[in-house]
Every structure is written in structure tokens, then in C-alpha cells.
Amino acid sequence: MRKPFISANWKMNKTVGETGEFINSFLPMVKDVTDVDMLIAPPFTSLHAASRLLKDTGVKLGAQNVFYEEKGAFTGEISPAMLLSAGCSCVIIGHSERRQYFMETDEIVNRKIKTARENGLEVILCIGESLNEREENRTFEVLDRQLSGSLKDINLDAMTIAYEPIWAIGTGKTATKEQANEAHAYIRGWLKKNREGADTLRILYGGSVTPENVAALMSEPEVDGALVGGASLKPDSFAKIVKGARKQ
Ligand code: PEP
């Protein structure tokens, strides 16, 4: 059985001080949780402070982005080695906001995954269709294109996939558990056909996950966890999501 995995994506929220306040209040709430893997992805500026507070706890630290070169004249970018030195073990790559606002293509996502993995970082790869694409019945075609482009020449070691339908991100409009399960099953089917190790890879759902809807989503066989934006910004709400993710 795949262990549930709940990850917080804070996006461009929280200063260093606010990060510390969150972690100090969140950790006691989840101190007895051993049956769910947890990860927090704060902004770059909070990573080092967060890593000190999360040391020797069950909560892993992730970054929200990384660059595909190792070092050099790339003003404003952050390398995998920098993330590791700040205490990260994982990085989110290909989030739809990065694809939309920063023109990240599947080719760029692919390069980022390669460099991150070569440096020993785990990767959460985000994929998902827009509302238009769903309404035109092109969801599977989009997933197919994103999987083959983003995972070109990449095996499934240290990988997690997050299925995040763009129309559900930050909108309060969650995919139904059936819609999530159907997309996850399609993704796992694609991976089984094209890669080794698809049975143990975890597929997270992302898109307006809350303490109220997490248990229903997790009741689906193909939903192994969640990538949570808005509802991960408050310690009690995120702790409730972690606890609600336990498989019954
Ligand atoms: C996300 O940012 O990955 C996300 C799913 O956001 P939200 O939970 O706010 O929809």
C-alpha cells in the first residue's frame, strides 16, 4: 500500500517570521502522526529557517521551484545544490502557475527534473488540464502530452506526480472524487505502460483541498495524497488535512 503524502505549497506567502510561527504551532498538532508523510514548501527566503525548525521531525522540507543549470550567470535563479544546502530534500516542478506566468514548457520542466534528480532531490511533478481542455474532452490528451514531455528520458525514482486540474486551483471548485480518481488512474496507466515502478509511485491530487473534502478524495483507490495551497496556510487547517488523509 502507498503511504499517504500531504504537501503544503505556500506559494508567495509568509515571511521568515510567519514561517516560524506556523511551524511552531503546527508541529505539536501532528506530533503523533506517523502514518502520513508530510512536506512543507515555503518560499525560498524561508527555507533555511524552516529547515532548522523541522530538523528531526517527521515533516520534510521542499522548494517550489529550481533552475536547470548547476551554477553561473543566471541572475535570480536558485540551483539544486543551493536547495540542498538550505535543508530541502524535495522540489515542486511544473506547477501550473509557473507554466502560466513564467512560460515554463514541458521541455523546461524536463530539464529541471533532470538536474534536480541528478543532485539528489526528490521531485513532485505537477500536471493538469485547463477548464477549456476539460470541456473539450481533451484532459487525457493533455496529461499524455505533459507526461511524455516532462518525463522524457526520466525514470520514476524519487518521483511523485501531482494531478492539479487548473480550474480547481485556488478557485474553491474541487474536482469530484470520481474525477480525481479517473485522472489518477489514467496517469498510472500511462506510467505502467511507459515506465518501471508505477505501482509504488504516489499520485497526489491538488485543487481546493480542504479539511472538509480531503477524506472523501482519499477514499478513492488512486488518490495517494494531496498538494494543498490555500488551506495549508493556517496550521490548524493543514493539520486537519493531514489527519483526514489517513486511509481508512
Ligand atoms: C496548489 O497551489 O498547488 C493548489 C492546489 O492550490 P489550492 O489548494 O489553493 O487550490
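This is a short talk through one protein structure, from its overall build down to a few single residues.

Please keep in mind throughout that what we have on the screen is a predicted model. Let me begin with the whole chain, whose secondary structure comes to ten helices and eight strands. The radius of gyration is 17 Å, close to the 18 Å that the globule rule gives for 248 residues, so the protein is as compact as a globular protein of that length. Along the principal axes, the C-alpha trace spans about 45 × 45 × 30 Å. Of the 248 residues, 52% are buried, and the surface that the protein exposes comes to about 11,500 Å², with carbon and sulfur atoms supplying 52% of that area.

Two further values describe the chain as a whole. If we take the contacts between residues at least 6 apart in sequence, 73% of them join residues at least 24 apart. As for charge, there are 31 positive and 33 negative charges, and their mean positions lie 3 Å apart.

Let me turn to the aromatic residues, where the structure holds seven aromatic pairs. One of them is formed by Phe 140 and Tyr 186, which are stacked, at 4.3 Å centre to centre and with 5° between the planes. Phe 140 belongs to helix H7, residues 139–150, while Tyr 186 belongs to helix H8, residues 177–194, so this pair ties together parts that are 46 residues apart in sequence. Both partners are partly exposed, Phe 140 with a relative accessible area of 33% and Tyr 186 with one of 25%.

Helix H8 also contains Ala 183, which, at 1% relative accessibility, counts as buried. Leaving aside residues up to four places away in sequence, Ala 183 touches Leu 143 and Tyr 163. Pro 235, by contrast, is 52 residues from Ala 183 in sequence and 29 Å from it in space, C-alpha to C-alpha.

That brings us to helix H10, residues 235–244, in which Pro 235, Ser 237, Phe 238, Ala 239, Ile 241 and Val 242 are buried. What do the buried residues of H10 pack against? Their partners are strand E1 (5–9), helix H1 (16–29), strand E2 (37–41), helix H9 (214–218) and strand E8 (225–228). Phe 238 from this helix also takes part in a cluster, in which ring pairs link it with Trp 10, Phe 22 and Phe 26.

Next comes Arg 99, whose place is in helix H4, residues 96–101. Is this arginine buried or exposed? With a relative accessible area of 16%, Arg 99 is buried, the cut-off for that word being 20%. Not counting residues up to four places away in sequence, Arg 99 touches Gly 94, Glu 104, Asp 106, Val 109, Leu 125, Cys 126, Ile 127, Gln 146 and Ser 150. Of these, Val 109 is ten residues away in sequence, with 8.9 Å between the two C-alpha atoms.

I would like to finish with the loops, and with backbone geometry. Most residues other than glycine have a negative phi. Lys 11, in the loop between E1 and H1, has a positive phi of about 55° although it is not a glycine. Asp 153, which is found in the loop between H7 and strand E6 (159–163), likewise has a positive phi, of about 60°, and is not a glycine either.

The loop between H7 and E6 rewards a second look, since Asp 153 counts as exposed at 63% relative accessibility, whereas Ile 154, found in that loop too, is buried with a relative accessible area of 5%. Which residues does Ile 154 touch, not counting those up to four places away in sequence? They are Asn 110, Ile 113, Lys 114, Arg 117 and Arg 195. Lys 114 is 40 residues from Ile 154 along the chain, yet their C-alpha atoms are separated by 7.2 Å.

My last residue is Gly 72, found in the loop between strand E3 (59–63) and helix H3 (80–85). Gly 72 is exposed, with a relative accessible area of 63%. Its C-alpha atom and that of Ser 232, 160 residues apart along the chain, are separated by 34 Å.

Conventions: Residues are numbered from 1 along each chain as its sequence is written. This is a predicted model: local features need pLDDT of at least 70, side-chain atom pairs count only at pLDDT 80 or more; totals for chains, interfaces and linings use all residues. Side-chain values use heavy atoms; hydrogens and water are left out. Helices (H or I, at least four residues) and strands (E, at least two) are DSSP runs, numbered from the N terminus. The radius of gyration is taken over C-alpha atoms; the globule rule is 2.2 Å times the number of residues to the power 0.38. Buried means under 20% relative accessible area, exposed over 50%, partly exposed in between (1.4 Å probe, protein chains only). Contact means heavy atoms within 4.5 Å. Accessible areas come from the Shrake-Rupley method with a 1.4 Å probe; for residues, only the protein chains shown count as cover. Lys and Arg count as positive and Asp and Glu as negative; His and the chain ends are not counted. The place of a charge is taken as NZ of Lys, CZ of Arg, CG of Asp or CD of Glu. Rings of Phe, Tyr and Trp (its six-membered ring) pair if their centres lie within 6.5 Å; planes under 30 degrees apart count as stacked, over 60 as edge-to-face and the rest as tilted.
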